[in-house]
Amino acid sequence: SIEKIGEQSVVLRQFASAMQHDLITAIDQIAARAPFRQMVTPGGYRMSAAMTNCGTLGWVTDRQGYRYQAFDPLTGKPWPAMPVIFKTLAIQAASLAGFNDFQPDACLINEYAIGAKMSLHQDKNEKDLSQPVVSVSLGMAATFLFGGLQRQDKSQKILLQHGDVVVWGGVDRLRYHGILALKAGCHPLLGERRINFTFRCAG
Ligand code: MD3
Ligand code: FE
């Protein structure tokens, strides 16, 4: 099913479910080479979600700022390549949402333990903001906050569950968004965790 959640945003419920095992295997392989780590914001706060990346470019933050870079600061090596099943999934989802030339070069992978959250923010480090963001959620469900173009705008709550894929683009691309603290629970495949990975055109 295609569910419209914004002017140019859709949720594809369960779109990733058929590939869940392959996706989790790929994430395990990526994390073996580029481990999940909790990064520090420019303001000096440690993020509660742990992150890694795959693709040509990866998103990082430290005291110097937020940016995309080709090398993992933890290992000094390039980020693992974007698996073909990742890229195929992202291109298919973007196309269903009406974005037909999506060629992501970056995939940020977020891992949430119980209590981890992501405060309201905008994603604007990507060079091409005319391209959408595609996100895939696995593991425990979480409440996604979808706000407006200004931080103080009222936000809607959307429950994102295992297998859900969301495409955000066009006028919705710069909307504030975040994730409420993950409630206690357990997922049969991923345990006490939620994993979200997002595809972007960063470079
Ligand atoms: C709407 N991740 O990695 S995915 C992020 O579930 C991020 O881990 C959240 O926000 C997560 O930056 C939410 C949904 C998402 C991602 C990017 C967006 C929604 C977006 C960019 C623009 C508008
Ligand atoms: Fe974001």
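A donor here is an N, O or S atom within 2.8 Å of the metal, and since water is not among the atoms, a site may look incomplete. Keep that in mind for the first exercise, and remember that this is a predicted model.

**Exercise 1: the metal site**

Work out which residues coordinate the iron ion (ligand 2) and how they are spaced in sequence.

*Solution.*
- Start with the donors: His 121 (NE2), Asp 123 (OD) and His 177 (NE2) coordinate the iron ion (ligand 2), at 2.0 to 2.2 Å.
- Next, write the spacing of these donor residues, which reads H-x1-D-x53-H.
- Now put two of them on the fold. Asp 123 sits in the loop between S7 and S8 and His 177 in strand S12, so this pair ties together parts that lie 54 residues apart in sequence.
- Finish with accessibility, where the cut-off for buried is under 20%. Asp 123 comes out at 9% and is therefore buried. His 177, at 16%, counts as buried too.

**Exercise 2: the largest pocket**

Describe the largest pocket by its volume, its lining and the character of the lining residues.

*Solution.*
- Volume: the largest pocket comes to about 880 Å³.
- Lining: 39 residues line the largest pocket, and those nearest its centre are Met 47, Met 118, Ser 119, His 121 and Asp 123.
- Link to Exercise 1: His 121 and Asp 123 are also donors to the iron ion (ligand 2).
- Elements: two or more lining residues come from each of strands S6 (106-113), S7 (118-121), S8 (133-139), S9 (142-146), S12 (177-179) and S13 (193-200).
- Character: sort the lining of the largest pocket and you get 16 nonpolar, 12 polar and 11 charged residues.

**Exercise 3: two polar side chains**

Find the polar contacts that the side chains of Thr 198 and Asn 53 make, and decide whether each residue is buried or exposed.

*Solution.*
- Take Thr 198, in strand S13. Its relative accessible area is 6%, so Thr 198 is buried.
- The side chain of Thr 198 makes a polar contact of 2.9 Å with the side chain of Arg 200.
- Skip residues up to four places away in sequence, and Thr 198 touches Ala 106, Cys 107, Leu 108, Val 133, Val 134 and Ser 135.
- Move to Asn 53, in strand S3. With 0% relative accessibility, Asn 53 counts as buried.
- The side chain of Asn 53 goes for a backbone atom: the nitrogen of Trp 59, at 3.0 Å.
- Beyond four places in sequence, the contacts of Asn 53 include Ile 30, Ala 34, Met 39, Trp 79, Cys 107 and Leu 108.
- Cross-check the two lists: Cys 107 and Leu 108 turn up for Thr 198 and again for Asn 53.

**Exercise 4: Ala 34 and Ile 24**

Where do Ala 34 and Ile 24 lie, and what do they touch?

*Solution.*
- Ala 34 is in the loop between H1 and strand S3 (50-55). At a relative accessible area of 1%, Ala 34 is buried.
- Setting aside residues up to four places away in sequence, Ala 34 touches Thr 52, Asn 53, Asp 72, Trp 79 and Pro 80.
- For a distance check, use Ala 18: it is 16 residues from Ala 34 in sequence and 26 Å away, C-alpha to C-alpha.
- Ile 24 belongs to helix H1 (residues 20-33) and, at 14% relative accessibility, counts as buried.
- Outside four places in sequence, Ile 24 is in contact with Leu 138, Leu 189 and Leu 190.
- Compare Glu 126, which is 102 residues from Ile 24 in sequence and 26 Å from it between C-alpha atoms.

**Exercise 5: two partly exposed residues**

Characterise Gln 14 by its phi and Leu 96 by its contacts.

*Solution.*
- A bit of background first: most residues other than glycine have a negative phi.
- Gln 14 has a phi near 65 degrees, which is positive, although the residue isn't glycine.
- Gln 14 lies in the loop between strand S2 (9-12) and H1, and its relative accessible area of 40% makes it partly exposed.
- Leu 96 is in helix H2 (residues 84-96); at 47% relative accessibility, Leu 96 is partly exposed as well.
- Leaving out neighbours within four places, Leu 96 is in contact with Ile 2, Leu 12 and Phe 15.
- To close, Ala 142 is 46 residues from Leu 96 along the chain, with 24 Å between the C-alpha atoms.

Key: Residues numbered from 1 in each chain as written. Chains lettered and ligands numbered in written order. Predicted model: local features only at pLDDT ≥ 70, side-chain atom pairs only at ≥ 80, totals over all residues. Heavy atoms only, no water. 1 Å grid on protein atoms, 1.4 Å probe; cavity = no way out; pocket = protein on both sides within 12 Å on 5 of 7 lines; lining within 4 Å. Points joined across faces, edges and corners; volume = space filled by probe spheres on them. Helix = DSSP H or I, 4+ residues; strand = E, 2+ residues; numbered from the N terminus. Nonpolar A, V, L, I, M, F, W, Y, C, P; charged D, E, K, R; others polar. Donors = N, O, S within 2.8 Å, 3.2 Å for Na, K, Ca; no water. Buried < 20%, exposed > 50% of the residue type's maximum accessible area, 1.4 Å probe, protein only. Polar contact = N/O pair within 3.5 Å; in protein donor to acceptor, adjacent residues only side chain to side chain. Contact = heavy atoms within 4.5 Å.
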